[in-house]
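Me: Hey, can you walk me through this one? I'd like to start with where the chains touch.

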Amino acid sequence: MEAVRDTASVLHLDLDAFFAAVEQRDKPSLRGRPVVVGGLGPRGVVATASYEARQFGVRSAMSMMEARSRCPHAAFLAGRFDAYRRCSADVMAVLHDLSPLVEPLSLDEAYVDLSAAGQLTDLSPAVLFDVAEGLRREVSRVTGGLTASVGIGSSKLVAKIASELDKPDGVVVVIPGTERDLLRPMQVTVIPGVGPATGNRLRMLGVTTIDDLERLSVEELVRVLGQAHGRSLFALARGEDDRAVMAERESKSISVEDTFDTDLVEPALLSAIVDRHARAVCERLVGSGLSGRTVTIKVRQHDFTTNTRSTTLAGPTDRAAVVSRVARELLREIDTSAGVRLLGVGVSGLADWVQDDLFVDDEPPEEPVAAAPTPVDVAGRSTATGWVAGMDVEHDDFGPGWVWGAGLGRVTVRFETAETGVGPVRTLAADDNRLRRRPLPAPDPA
Amino acid sequence: MKFRVDRDVLADAVAWTARSIPARPGTIPQLAGILMVAGPDGLELSGFDYETSAHAQLPVEVADEGKALISGRLLADICRALPDRPVDVSMDGAKVSLTCGSSRFSMQTMPVEDYPALPELPPVVGSVDGDAFAAAVAQAVTAAGRDDMLPVLTGVKLEIEGATISLLATDRFRLSLRELDWRPEQNEFSANALVPAKVLGDTARSLTGGSALQVALAADGGGSDGLIGFSWTAGGSDRRTTTRLIDGSFPNVRQLFPATSETTAVVEVAALVEAVRRVSLVAGRNTPIRLTFSDAQVSLEAGNGEEAQASESLDAALDGEPITIGFNPTYLLDGLGAITGSHVHVAMTLPARPAAFAGMPGEDAEPDLQFRYLLMPLRMQG
């Protein structure tokens, strides 16, 4: 089987350095400067580095500690996921305008099946190039100037690799029939699913490029990588990728988890975190008009062994009290005495109706978060006063801005927004009661 | 040990005794056995799992006295399959031999000395008509929980006040309340007991027509050492069972029945059951069936536009505001199956508040409040 489609009908769009780009958009003083978004605690990792920071060798998934040593003058920000989600939704809407068949891979990445786009009858390379450029202009318009890279090819594999070729801010259309010539000289690690582990095993067979990979028999690959992975890699090396673009799947589960700065042992503290996660999960359930029937907890031990436990309720619920009660019971089944570095609570088996409990009104009122033993500190995302670098704030006298840094009872704020241009920096008392968090503005009623 | 016994009397008593034998006896293998004791009073059969004990006394001509402990599961399987002839049982060395017609069985025994002593029956506190008890328990256990994570809800709460026993059970989503008349030994008797629903149900099922049931209860009831017992005669043998009461406090559920209702409806039970069964075919298991009460009708619908849909309408006598309310169809059918009478009386307040069901002996009769079933509706999200 050759490449399944004879036209380049799969488009892959990847927003360039997405989280960092949103920060630079909303924080004019950071434009053109290195920006690193990630976990700010001692165990934080880099989620996204701006291209300016990448020049210093900062990469995604690198430990924050290493990123700081490589690029000490970068702005290190905790990330504003509400803003990223909002921006991502705008981009996905643009893609949906192009074709009804859109498969989001994450907030900043999606496939589009152009063969499902009714108005696109001519899929010649020149037309596709115009489509890609039009798409990028529209993305830039709705996001307030973000750039995206687009790859178009006859399969998901080719489209995804193509979007990397001229990144950032580029377009590559791979003409059908040229896929194998394009792939052969590339490193095997460009193939999705070939990470460091698989890469190492292949290197031991003398394989570094896709050309090398193509010379291996399917038997050899299966022996080294196992049936499923071996066979799929054999096909991908030949550009044979018949995976369909799957329309946006409804989410199958909703979960919240946290990695801690230090391993946690105290059962009361773990229970309090379970409660907090359960509340967050249920807020998202209710926000999406959903309920769930299966409650799962995930515990990563000090030595990285990960346990999950789940239980299925008699009927779906969206009540934090119920999710919390079940999750606490599940937590008791796991030995946490040696210390926990990650704790997560999730709900799956989603439905759009709820089997309420006769005793719901008898459940003890939910304790405010503050009553729990300072879980916010534990999550490693905050100082005692809750000011986190990158957070949107608003001051009665100085207006809107963002937290530049905090500590020692003080908070430094740069008073600027995407619209104001570079603004001034002021240092305030951390407990200044004129300063508060600033929620995202209400979305445009478009 | 040597005796002859009627096949049906033996088979019935063994089957009943074997119900309290643990499925997995774990570290105490002798609990998998039924203890057989042949003595001057006939044949005694005992089964015990440290929670529940079962004891049957059969009027049997005993030729030689003696005892044996044999696998309860095997004995029950054998007795169920025996032809309809008298059964001869005797010791044959270390084995028990059983002969019935031309069938012969030889069974291994376990050491009798290792078998634990059964708890004593607590003092008898009163008695109740067997048929009435069986009917009441069958209704009450409808709503009992089966989730071992919530052991308190796997019980039926017996609230005894004078000449009335209230049986309450709930699995958090529905609640059954049954009032039962009984004859206490003392008029002022008052007690509470949380009894495993399974034991109560097994006891009720083994009662046969006309017999009276003695109720035995440690006077203080409750507590971790609480024990309830029942004794009665069935299938040609005297039986008694004891079971440990469930430790824990049963939620205060009586007040969950709404004092007033906005809408009441009266619908013929058989027609409603049929309609619910049909319409819920398109609802997956545990997805809602929606009932709209208005204009002297109840309309049932299930499913959604994307998949299959079904709907049906029935006559209903309505009083009050129109209402649309969704239920888990299984829970709804359980409730409709438990009430007695030709019609059901449904009292509702709001779509998200529980609805109360009661049976009616006729369309224009008063609702029979001896048994009430309260069901929490499903709430549509978004």
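**Where the chains touch**

Reply: Sure, and keep in mind that this is a predicted model. Arg379(B) and Asp318(A) form a salt bridge through their side chains, 3.0 Å from N to O.

Me: How many salt bridges are there between chain B and chain A?

Reply: The count is 3 salt bridges between chain B and chain A. As for polar contacts across that interface, 6 residue pairs turn up, both residues at pLDDT 80 or more.

Me: Which element gives the most to the side of chain B that touches chain A?

Reply: That's β28(B), with 3 residues. By class, this side of chain B has 15 nonpolar, 7 polar and 5 charged residues.

Me: And what does β28(B) pair with over in chain A?

Reply: Strand β13 of chain A, residues 353–355, is joined to β28(B) by 3 bridges, and the two run antiparallel. Within that pairing, Gln355(A) sits opposite Leu378(B).

Me: How much area do the two chains bury between them?

Reply: About 2200 Å², with 54% of it on carbon and sulfur atoms. The contact involves 27 residues from chain B and 22 from chain A.

Me: OK, new topic. What's the strand order in the open sheet of chain A?

Reply: Its 5 strands go β17-β16-β15-β14-β18, with antiparallel pairing. At the edges are β17 (425–429) and β18 (435–437), each pairing on one side only. From one strand to the next, the twist averages 40°.

Me: How many bridges join β16 to β17 in chain A?

Reply: There are 5 bridges between β16 (residues 410–414) and β17(A). Thr412(A) stands opposite Thr427(A) there.

Key
Residues are numbered from 1 along each chain as its sequence is written. Chains are lettered from A and ligands numbered from 1 in the order in which they are written. This is a predicted model: local features need pLDDT of at least 70, side-chain atom pairs count only at pLDDT 80 or more; totals for chains, interfaces and linings use all residues. Side-chain values use heavy atoms; hydrogens and water are left out. Two strands pair if DSSP finds at least two bridges between them. Helices (H or I, at least four residues) and strands (E, at least two) are DSSP runs, numbered from the N terminus. Axes are lines fitted to C-alpha atoms, for helices over the stretch in contact, and angles run from 0 to 180 degrees between N-to-C directions. Contact means heavy atoms within 4.5 Å. Buried area is the accessible area (1.4 Å probe) that two parts lose on being put together, summed over both. A salt bridge is a side-chain nitrogen of Lys or Arg within 4 Å of a carboxyl oxygen of Asp or Glu. A polar contact is a pair of N or O atoms within 3.5 Å; within protein, one must be able to donate a hydrogen and the other to accept it, and residues adjacent in sequence count only if both atoms are side-chain atoms. Ala, Val, Leu, Ile, Met, Phe, Trp, Tyr, Cys and Pro count as nonpolar, Asp, Glu, Lys and Arg as charged, and the others, Gly among them, as polar.
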